[in-house]
Amino acid sequence: MRPLTEEETRVMFEKIAKYIGENLQLLVDRPDGTYCFRLHNERVYYVSEKILKLAANISGDKLVSLGTCFGKFTKTHRFRLHITALDYLAPYAKYKVWIKPGAEQSFLYGNHVLKSGLGRITENTSQYQGVVVYSMADIPLKFLK
C-alpha cells in the first residue's frame, strides 16, 4: 500500500471532480478525522489515517483491502470509479437526478429512463455532465457520466 503519485492523484481527482466539483476538499478533511487515498493492487482506497497507522504492521502481500475501494486504474492508466464510492460522493454531488418509483426498477436493471420517469433534476445540468442518480426517497442509486 503506497500513496498515489502526482499523475495518479491528478487523474483520480479529475474524475471525482466531474461529480462533486469544488467539494473535493470536503472529502479529505472531514469533521470526524483526516482521510487519505492509498493505492494497493491498482485499486484506490479511501481510508482514515487512524486505520492506516494500524495497518502499517501488516505486510503488503498479506493485505487484501483497507478502507473503502473508490475505484481502480486500468492498464491504460485511466481511473474507473466503483459503486462503493457512491455513498461518499452522493452528499457532495453538484448535479443530481431523481427518478420516479415506477422507472426506478427498470433503471436498476440497466434500461434507459424516459422523460416521464424523471422526478426532478438540479438546475443548470448540462449535457454529458457527471450526475448522481437518486430515488425519490433520496437514496443514491448510481452515478452516470
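A residue is called buried here when its relative accessible area is under 20%, exposed when that value is over 50%, and partly exposed in between. With that in hand, let us walk through this predicted model. Buried residues account for 38% of the 145 residues in the protein chain.

Start with the overall picture. The protein chain is built from five helices and 10 strands, and its C-alpha atoms fit in a box of roughly 55 × 30 × 25 Å along the principal axes. Of the contacts in the chain with a separation of 6 or more, 54% join residues 24 or more positions apart. The outside of the protein chain amounts to about 9400 Å² of exposed area, with carbon and sulfur atoms supplying 52% of it. As for charge, there are 21 positive and 14 negative side chains, and the centres of these two sets lie 6 Å apart.

Two annotated stretches help to divide the chain. An unreviewed UniProt entry lists residues 1-83 as "domain: 60S ribosome subunit biogenesis protein NIP7 pre-PUA". Over residues 1-83 the chain is 33% helix and 33% strand, and the C-alpha atoms at the two ends are 21 Å apart. The unreviewed entry in UniProt also lists residues 96-141, under "domain: UPF0113". Here the make-up is 17% helix and 33% strand, with the end C-alpha atoms 11 Å apart.

Now let us go inside. Which residues touch the most other members of the largest nonpolar core? They are Ile 16, Leu 27 and Leu 89, in a core of 26 residues. Several elements give two or more residues to this core, among them helix 1 (6-20), helix 2 (24-28), strand 5 (68-73), helix 4 (86-89) and strand 9. Helix 1 provides the largest share, five residues.

Leu 27 is a good place to pause. Leaving out residues up to four places away in sequence, Leu 27 touches Ile 16, Ile 20, Tyr 35, Phe 37, Tyr 46, Phe 70, Tyr 88, Leu 89 and Tyr 92. Two of these partners deserve a visit of their own, beginning with Leu 89, which sits in helix 4. Leu 89 counts as buried because its relative accessible area is 0%. Beyond the residues up to four places away in sequence, its contacts are Ile 16, Ile 20, Leu 27, Phe 70, Leu 81 and Phe 143. For a sense of distance, Leu 89 and Lys 53 are 36 residues apart in sequence, and their C-alpha atoms are 24 Å apart in space.

The other partner is Ile 20, found in helix 1. Is Ile 20 buried or exposed? Its relative accessibility is 0%, so Ile 20 counts as buried. Not counting residues up to four places away in sequence, Ile 20 touches Leu 27, Leu 89, Tyr 92, Ala 93 and Lys 94. The C-alpha atoms of Ile 20 and Ala 90 are separated by 8.1 Å, although these residues are 70 residues apart along the chain.

Next, turn to the beginning of the chain. Met 1 lies in the segment before strand 1 (2-3), and its relative accessibility of 32% is why Met 1 counts as partly exposed. Setting aside neighbours within four places in sequence, Met 1 is in contact with Arg 38, Leu 39, His 40, Tyr 45, Leu 52, Leu 63 and Leu 66. Gly 102 is 101 residues from Met 1 in sequence, and the two C-alpha atoms are 44 Å apart in space.

Finally, look at strand 9 and the loops on either side. Ser 135 lies in strand 9 and counts as buried because its relative accessibility is 3%. Apart from residues up to four places away in sequence, Ser 135 touches Trp 98, Ile 99, Glu 104 and Leu 141. The loop between strand 8 (118-121) and strand 9 (131-135) holds Asn 124. Phi of Asn 124 is near 60°, a positive value in a residue other than glycine. Asn 124 has 67% relative accessibility and therefore counts as exposed. In the loop between strand 9 and strand 10 (140-144) you will find Asp 138. Asp 138, also a residue other than glycine, has a positive phi near 60°. With 45% relative accessibility, Asp 138 counts as partly exposed.

Methods:
Residues are numbered from 1 along each chain as its sequence is written. This is a predicted model: local features need pLDDT of at least 70, side-chain atom pairs count only at pLDDT 80 or more; totals for chains, interfaces and linings use all residues. Side-chain values use heavy atoms; hydrogens and water are left out. Helices (H or I, at least four residues) and strands (E, at least two) are DSSP runs, numbered from the N terminus. Buried means under 20% relative accessible area, exposed over 50%, partly exposed in between (1.4 Å probe, protein chains only). Contact means heavy atoms within 4.5 Å. Accessible areas come from the Shrake-Rupley method with a 1.4 Å probe; for residues, only the protein chains shown count as cover. Lys and Arg count as positive and Asp and Glu as negative; His and the chain ends are not counted. The place of a charge is taken as NZ of Lys, CZ of Arg, CG of Asp or CD of Glu. UniProt positions are given in the numbering used here, feature names are shortened, and annotations may be inferred rather than shown by experiment. A nonpolar core is a set of buried Ala, Val, Leu, Ile, Met, Phe, Trp, Tyr and Cys residues joined through side-chain atoms within 4.5 Å.
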